Amino acid sequence: MKIYFSQYQDKSREGKLNFLIRNRPSQNRFSSDFKICWVEDVIYLNGKFVGFIMPLAFPDSIQLYEICTNKIKQGINKVFHEKFDRKKPSSLENRLKLCVNIAIAIHCIHETGTYVFVDLKPQNVLIDPNGRVSIVDLDSLQVSKNSNIIHHGHVATPEYTPFEGSSLNPSINYIPPTWDYFSMAVIFYEIIFGLHPYVATSLKPYEKLTTIQEAIKNGLFVFGLKSQYLKAPEQHDNFKLLPSNIQKYFIDAFDKGNTSPLLRPSAQDWGKVLAEEVANETDKVNIKCPVCGNDTNFSRHRSVQINCIGCNSVLDIRKGNVFGYTKEKIVYQDRTVYKDKEVVKTKGSTLWKIISAVVIFILFFVYLNLSDNINTLKYEIATIQNLKEDELATLRTENSNLVIENGKLKTEVNDLKDEIRKENSYGRSSYFSSLISVDMLAIFDEEGRNYNLLVPAKGDVTYIYPVLEISYPKNFSFPKEVDVSVKFIYPDGSLSRGTGSSATYTYTDRIEINGADSRIRLSRWGKKTRGDYTIFGDYKIEIWINNQLKASTKFTIF
């Protein structure tokens, strides 16, 4: 059950929850490994909307965030330590399984074509000791149909917001699923490595960037094209031990997909590749440490270096076999004892030496056979360098012309982009509302008297309301909806409020402009006599459209 604060108990949120109840994701796709805690019913108190009911998460669940750190807190259930402690060999397999469950749950919601999380983060996910996943707080979803907004998502957490978050506002713009793809990849990275993929110290020319949000905006992924400008914590080094296909997906999500969102892997893509790696992790062989004899289970499909739990020696594992290892060596020098590292190769490494020698011999033989071709290339290079000056001048001229044409083409492309952006902006109500002007604002009562022209006595005041005459461009598609707000301000400067008033306006409602009307009669927003006009003086009325002040007027009571 979730109860909203009073300022959030509005009709818009109530309508959104009722839509979610009527339009649930397909239940037959749900698994025993994850649960989508969808809205089940709306809660009313004394006839007033106050919140909603959703299913409980799996028993003994904790926030996913608790295992997204480098070290799990001591107070957490010991089962989580046994399964997800990063020093344990089984930790990676369990964390990959967790990512698979999250990917499937997100895919179930995305495949409806209606919902986008917008504010997807670890705090929206709960996990139980068995690694089962519960997705919660689904009332913040964006709801749309064919890219047309039905209910906005409104908020997003900066650390999980992609590059395009600097130009798109969830409260105004349509947010595509590729936005969630970025947030999901960040969560997976934190699950596997224990830190955010953009956590690093920025070097010149980015040394002034101090927040993760700034790093995302500038494409500073620690393993991206700008990695030379970063000094990353050692925890990121484990990235190199991941299977190459998972590394590729992270690079696609954070680097290639930074400004090209369609290149980011979807939840379905992640689910497939992670499930394959879980299968590989399950197919393990028993590896005995040559130093201490401790047994370690390891995937037969991977070639990496790991630390032995028994003696902390570094084992060089290649396709399920120990190729070599590095252990501590005691060194005596000038009566002082030092600890050094001794690198040892196993017998099996002799084969690699032979193969390496053969490869070197073949490469040398190929080089000798290609020497004639190399000399030919050198001759051709010399010939090109000895071209006549007039031929070189011709080439330079043609190149200059190409540069000029390329500049013109870029200018045309930029002009076209500006036209497209301008055309797109015409469809936004915020832009449309900025073009609306109020040509006339008057105050009338129900008898048709204009209070701007009268100075009535207190007892003569009846029900009054504003009347607007507006003008706006006609080159839009209609109808258009705008939020119109009215402020009734008493002579002492205080704001008049009625039932349902916000802290800012006396009344607010959404009206529809059909492209033909120019006169708006706000008859629903009048003020009655009782208790409203007991103060003598000037009463001021302001008209705001989409939070923009458009007009004001006043009338006087004596």
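Reader: What do the buried residues of helix 1 pack against?

Author: They pack against strand 3 (41-45), strand 4 (48-53), strand 6, strand 9 and strand 10. Packing here rests on contact, meaning heavy atoms within 4.5 Å. The model is predicted: local features need pLDDT of at least 70, side-chain atom pairs count only at pLDDT 80 or more, and totals for chains, interfaces and linings use all residues. Residues are numbered from 1 along each chain as its sequence is written, and side-chain values use heavy atoms, with hydrogens and water left out.

Reader: Which residues of helix 1 are called buried?

Author: Glu14, Lys16, Leu17, Phe19 and Leu20. The word buried stands for under 20% relative accessible area, while exposed is over 50% and partly exposed lies in between (1.4 Å probe, protein chains only).

Reader: What makes the length of helix 1 agree with a helix?

Author: Helices are DSSP runs (H or I, at least four residues), strands are E runs of at least two, and both are numbered from the N terminus. The expected span is 1.5 Å times one less than the number of residues. For the 12 residues of helix 1 that gives 16 Å, and the end C-alpha atoms are 17 Å apart, so the two agree.

Reader: How do you know that strand 9 and strand 10 pair?

Author: Pairing asks for at least two bridges found by DSSP between two strands. Strand 9 (residues 142-145) and strand 10 have three bridges, in the antiparallel sense, so they meet that definition. Ser144 stands opposite Ile149 in strand 10, and Val143 stands opposite His151. The two strands form a hairpin with two residues between them, and Asn146 in the turn has a positive phi of about 55°.

Reader: Why are strand 6 and strand 10 at the edges of their sheet?

Author: The open, antiparallel sheet has three strands in the order 6-9-10. Strand 6 (115-116) and strand 10 (148-151) each have a single partner strand, so one side of each is left without a neighbour in the sheet.

Reader: Why is Thr157 called buried?

Author: Its relative accessible area is 18%, and the limit is under 20%, so Thr157 counts as buried. Thr157 lies in the loop between strand 10 and helix 4 (178-193). Leaving aside residues up to four places away in sequence, Thr157 touches Asp119 and Lys121.

Reader: What makes helix 4 mostly covered?

Author: Of its 16 residues, 16 are buried. Helix 4 reaches 23 Å from its first C-alpha to its last, close to the 22 Å expected. Just after helix 4, Gly194 takes a positive phi of about 85°.
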